[in-house]
Amino acid sequence: MNANFDLMWDMFNSLGSVDADRFFSIVPFVGVGATYSWDFNHAYVPINNGYRKDRVWQIPVSVGLQLRFRLSKYVDFFAEGRFQAYGDTFDGIAYGSESIDMNLTAMGGLTFKLGGKSFKSFNPCAYIGYINQLNGQINDLRGELSNCSSRLAAAEAQLPCPEIVAVECPDASAPLMSTVRFTINSAKISSMEMVNVYNIAQWMKANPDANVVIKGYADKDTGTAAYNLKLSERRAQNVYNVLTKEYGIPADRLSIKAEGSASQIYDTNNWNRIVIFSQD
């Protein structure tokens, strides 16, 4: 009877890029275990005062190599070779120049992954287009604000002073420009996007008479229309839950609208995995 604890290293993930869909992996490992053997019955079993030693405990150390083949999201096939080293009495024989007993095993089987593999590698370039768009909106607001300042200075320079005309300037706070973006097929709010939920919460606290509609979207190139409608609803619901439960925004000031993939805010498909806000 043998039980092992192994420390395993996926070489391909360390030496290359992380890929949840990789078909083949090489996984070396080292470990330690516990082995119990019984029913020794041969000439070399030692006898002590009439007691025959016919069972033994050992703590073997292991090294080995496992080859993994990805059959599906939930199942891997593996083939494994393992070398174990035991103390000299494992086989009931303790004599000669060899100080250890050795065991070499080969095995194969299936590994079942409950929930599948859900990790995804982070691509820092995925949001460059979105960041550039936000920077463009900021620059537009700065330009409009600068125009307001120029017109005000020109009016003040005129003599006699003309009748004051109110000039409408853009709302510099623009709180509802905040958006919450999601990864493909996910309704989980990342730590990077949580700051945008926080900004909406702070704006709503500063504007207690304002009500907000939370609109969820999904990209049209992934999933069916019915599935995307449910996904966009889950995205909006999660944002709603954070605003009400973590930031204390009254539920009657918020409403949810699932847009699915029937309506696309952006021309770039990936940008539509999003929740946006609008005033009710």
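Is G216 buried or exposed? In this predicted model, G216 is buried, with a relative accessible area of 0%. That value lies under the 20% limit, so G216 counts as buried. The residue belongs to strand β10, and the description below starts from that strand.

The overall make-up comes first. The protein chain contains four helices and twelve strands. It has 280 residues, and 31% of them are buried. Its accessible surface amounts to about 17900 Å². Carbon and sulfur atoms account for 58% of that surface. Many contacts span long stretches of sequence: of those between residues at least 6 apart, 67% join residues at least 24 apart.

Strand β10 covers residues 212–217. Five of its six residues are buried, and the strand is thus mostly covered. β10 pairs with two strands, β11 and β12. Strand β11 takes in residues 254–260. It runs parallel to β10, and six bridges join the two. Within this pairing, I214 has I256 of β11 as its bridge partner. The connection between the two strands passes through helix α4, residues 225–246. This β-α-β crossover from β10 to β11 is right-handed.

The pairing with strand β12 has the antiparallel sense. β12 spans residues 274–279, and five bridges link it to β10. Two of the partnerships can be named. K215 is bridged to I276 of β12, and V212 has Q279 as its partner in β12. Strand β12 also pairs with strand β9, residues 179–181. That pairing is antiparallel too, with three bridges. Here R181 stands opposite I274 of β12.

The surroundings of G216 can now be set out. Its C-alpha atom is 6.2 Å from that of I274, although the two residues are 58 places apart along the chain. Beyond four places in sequence, G216 touches eight residues: S232, A236, K257, A258, E259, G260, I274 and V275. One of these contacts, S232, sits in helix α4. S232 has 0% relative accessibility and therefore counts as buried. Its own contacts, again leaving out residues up to four places away, are G216, Y217, A218, A258, E259 and G260. G216 and S232 both touch A258, E259 and G260.

Nonpolar packing follows. In soluble globular proteins, nonpolar side chains tend to be buried together. The largest nonpolar core of this model has 21 residues. V180, V197, I214, V239, L243, L254 and F277 have the most contacts inside it. Four elements each supply at least two of its residues: α3 (191–206), β10, α4 and β12. L243 illustrates the packing. Beyond its neighbours within four places in sequence, L243 is in contact with V197, I200, A201, I214, G248, I249, L254 and F277. A further core lies apart from the one just described. It has six residues, including Y130, Y217, Y266 and I276.

Which residues form one aromatic cluster? They are F12, F23, F24, F69 and F77. The structure as a whole holds seven aromatic pairs. In one of them, the ring centres of F69 and F77 are 6.2 Å apart. Their planes meet at 35°, so this pair is tilted. Both residues are partly exposed: F69 has 24% relative accessibility, and F77 has 33%. Another pair joins Y266 and W271, with ring centres 5.6 Å apart. Here the planes are at 80°, so the arrangement is edge-to-face. Y266 and W271 are both buried, whereas F69 and F77 are partly exposed. Y266 is also among the residues of the six-residue core.

Taken together, β10 recurs through these results. The strand is mostly covered, it pairs with β11 and β12, and it supplies at least two residues to the largest nonpolar core. I214 shows this overlap: it is the bridge partner of I256 in β11, and it is among the residues with the most contacts inside that core.

How values were computed
Residues numbered from 1 in each chain as written. Predicted model: local features only at pLDDT ≥ 70, side-chain atom pairs only at ≥ 80, totals over all residues. Heavy atoms only, no water. Buried < 20%, exposed > 50% of the residue type's maximum accessible area, 1.4 Å probe, protein only. Pairing = 2+ DSSP bridges. Right-handed = clockwise from strand over helix to strand, strands pointing away. Contact = heavy atoms within 4.5 Å. Core = buried A, V, L, I, M, F, W, Y, C linked by side-chain atoms within 4.5 Å. Phe/Tyr/Trp six-rings, centres within 6.5 Å; stacked < 30°, edge-to-face > 60°. Areas by Shrake-Rupley, 256 points an atom, 1.4 Å probe, with all protein chains shown as cover.
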